[in-house]
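Subject: Structure for you to look at

Hello,

I am passing on the structure we spoke about, with some notes on what turned up in it. Please read the notes with the model open.

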Amino acid sequence: MANAMKRLIPLLDRVLIKRAEAVTKTAGGIVIPEKAQSKVLHGEVVAVGPGARKDNGEFVPVLVKVGDRVLLPEYGGTKVSLESDEKEYHLFRESDILAKIEN
């Protein structure tokens, strides 16, 4: 995964996020059908752009960093798939991220 992420660097205030996996089985061992699974609204930051630009050209740094867990909106983001990596990622603007989840 690290090699794939080195090739994909988000621009400006964009953040690349790997959504968490949906729960497919209950604690009792019951398999949940795909249609009944709730949408995953959190993920992990994989790559971060340098930040947005002000009118005078200075960068405003991004508030999240690689490895942070974040709360995401139900809709939005751009789906990104890399050829070398079969996982699915999403690109969000920093302003679209709802919150940072502390461990």
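**E74 and its surroundings**

E74 sits in the loop that joins strand 5 (69-71) to strand 6 (78-81). Strands here are DSSP runs of E with at least two residues, helices are runs of H or I with at least four, and both are numbered from the N terminus. This is a predicted model, in which local features need pLDDT of at least 70, side-chain atom pairs count only at pLDDT 80 or more, and totals for chains, interfaces and linings use all residues. Residues are numbered from 1 along each chain as its sequence is written, and side-chain values use heavy atoms, with hydrogens and water left out.

E74 has a relative accessible area of 40%, so the residue is classed as partly exposed (buried is under 20%, exposed over 50%, partly exposed in between, with a 1.4 Å probe and protein chains only). Leaving aside residues up to four places away in sequence, E74 touches R19, K39 and L41; contact means heavy atoms within 4.5 Å. The C-alpha atoms of E74 and H42 are 9.5 Å apart, with the two positions 32 residues apart along the chain counted as their separation.

**The largest pocket**

R19 also appears among the residues closest to the centre of the largest pocket, together with A20, V40, E88 and H90. The pocket holds about 280 Å³ of space and is lined by 11 residues. Strand 1 (14-19) and strand 7 (88-93) each give at least two residues to the lining. A pocket is an open set of points on a 1 Å grid over the protein atoms alone, where a 1.4 Å probe fits and protein lies on both sides within 12 Å along at least five of seven lines; lining residues have an atom within 4 Å of a point. Its volume is the space filled by probe spheres set on the points, which are joined across faces, edges and corners.

**L12**

L12 belongs to the loop between helix 1 (2-7) and strand 1. Its phi is near 50°, a positive value in a residue other than glycine. Most residues other than glycine have a negative phi. L12 is partly exposed, because its relative accessibility is 39%.

**The chain as a whole**

The chain has 1 helix and 8 strands, in the order α-β-β-β-β-β-β-β-β from the N terminus. Its C-alpha trace spans about 55 × 30 × 25 Å along the principal axes. Of the 103 residues, 27% are buried.

Regards
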